[in-house]
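Student: I'm new to this structure and would like a close look at just one part of it. Could you pick one helix and walk me through what packs against it?

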Amino acid sequence: MKSILTPLLLTLSLITPAHAWHAEGHMAIARLAVESLPEDVPAFFRDNAEAIAEGSLDPDLFKNRQLPHLTPTEAPDHYFHLEELPSPELPETREDWIAFCNDNNIAIDDAGTLPYVVMEMTERLTLAFAEVRRRPDSEAVKQRAITYAGLLAHYSGDLSMPLHCTIHYNGRANPDGSSPRTGIHGRIDSLPGKVNPARFTAEPLPTPYVAQNLPLMMVREMRVSNSYVDLSYELDDRIPPIGVMELDDEQVIDYTIDRVRHGAHATASLYLTAWRNSEDLRLPRWLNNALPVHDHDHQH
């Protein structure tokens, strides 16, 4: 398996409008996440839910066959084969995971790197928030935070899609590990666009939390998502084709709502983690010299 999603997206581009329905799931997750944040997160961020939601689509745009240097490195960041994990703990860094895969003859584009891009994007957002604290009147640093938040929302949203966290990503894996490519992945991806958006917001999301240990959070999120793999396949013949918008199966609807809301809660928690951690993040001295803080910029 050299890429899970690129062939899928090519197929979708042939049979659906330019803005494929799976985009609706990512945007719903981002909007819900931003709207659930507490008031200590800056107002500029909470007021930009739509910009962050639109930015959550960018990682799928990165997987473009006309961008040959970007696509091969981008694709593994969208999935993780939890069954390949050697222990209950996730190796601390991307480098550690790559070393494990190399030592065990596992191709990194087979295993995936999703939890690492989520942690890396959370730290990028933490850095951007630290700059916001230092220069709260700077529109440039605010825009960086919005940009990173959109990217983070995409990857953290992928964590909540069960078939992004398993070897059984598009049909039950064959004995040699290859995918039968049954089409279930695309049909599940399309589900959020078939659910009345009001159903996602019928109740408030759980209160977001600050993650004390990002690798531990990643394992927990992937294990929760992976626990829905069997249910995903049990519902297989009740999930409508991508191009059919009607959805009246309440169990499939509940499954979709659960996964979108769970993804939004995890994303909001990562946003809150980045904001709270940014308070203690030191910026390098050379930045102070390059971009001095003026009195009217200082945040009290």
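Tutor: Let's start with helix H9 (residues 114-134) and its packing on H15: the two axes are 8 Å apart, at an angle of about 45 degrees. Keep in mind that you're looking at a predicted model. With that angle, H9 and H15 count as oblique to each other, and the crossing is right-handed. On the H9 side, the residues in the contact are Val118, Thr122, Leu125, Thr126, Phe129, Ala130 and Arg133. H15 answers with Leu270, Tyr271, Ala274, Trp275, Arg276, Asn277 and Ser278. Sort that group by class and you get 8 nonpolar, 4 polar and 2 charged residues.

Now stay on H15, which covers residues 250-278, and look at helix H2 (residues 22-35). Here the axes come within 8 Å and cross at roughly 50 degrees. So H2 and H15 are oblique to each other, and their crossing is right-handed. From H2, the contact takes in Ala28, Ile29, Leu32, Ala33 and Val34. From H15, it takes in Val260, Gly263, Ala264, Thr267, Ala268 and Tyr271. The mix in this contact is 9 nonpolar and 2 polar residues, with no charged ones. Did you spot Tyr271? That H15 residue is listed in the contact with H2 and also in the contact with H9.

Next comes helix H13 (residues 214-226), whose axis comes within 12 Å of the H15 axis and crosses it at roughly 175 degrees. An angle over 145 degrees counts as roughly antiparallel, so that is the label for H13 and H15. The H13 residues that meet H15 are Leu214, Met217, Met218, Glu221, Val224 and Ser225. Their partners in H15 are Arg259, His262, Ala266, Ser269 and Leu270. This contact divides into 6 nonpolar, 3 polar and 2 charged residues. Leu270 is another one to highlight on your screen: it is part of the H13 contact and of the H9 contact.

One more H15 residue is worth finding, and you can reach it from serine 232. Serine 232 sits in helix H14 (residues 229-234), and its relative accessibility is 0%, so it counts as buried. What is around it? Setting aside neighbours within four places in sequence, serine 232 is in contact with Pro162, Leu163, Ile184, Ile188, Ile239 and Tyr255. Tyr255 falls within the 250-278 stretch of H15. The side chain of serine 232 also reaches the backbone oxygen of tyrosine 228, at 2.8 Å.

To finish, go back to alanine 33, one of the H2 residues in the contact with H15, and jump to arginine 65. The two are 32 residues apart in sequence and 31 Å apart in space, C-alpha to C-alpha. Arginine 65 is in the loop between helix H5 (58-62) and helix H6 (71-74). With a relative accessible area of 62%, arginine 65 is exposed, whereas serine 232 is buried.

Key. Residues are numbered from 1 along each chain as its sequence is written. This is a predicted model: local features need pLDDT of at least 70, side-chain atom pairs count only at pLDDT 80 or more; totals for chains, interfaces and linings use all residues. Side-chain values use heavy atoms; hydrogens and water are left out. Axes are lines fitted to C-alpha atoms, for helices over the stretch in contact, and angles run from 0 to 180 degrees between N-to-C directions. Helices (H or I, at least four residues) and strands (E, at least two) are DSSP runs, numbered from the N terminus. Angles under 35 degrees count as roughly parallel, over 145 as roughly antiparallel, 65 to 115 as roughly perpendicular and the rest as oblique. A crossing is left-handed if the near helix is turned anticlockwise from the far one by less than a right angle, and right-handed if clockwise. Contact means heavy atoms within 4.5 Å. Ala, Val, Leu, Ile, Met, Phe, Trp, Tyr, Cys and Pro count as nonpolar, Asp, Glu, Lys and Arg as charged, and the others, Gly among them, as polar. Buried means under 20% relative accessible area, exposed over 50%, partly exposed in between (1.4 Å probe, protein chains only). A polar contact is a pair of N or O atoms within 3.5 Å; within protein, one must be able to donate a hydrogen and the other to accept it, and residues adjacent in sequence count only if both atoms are side-chain atoms.
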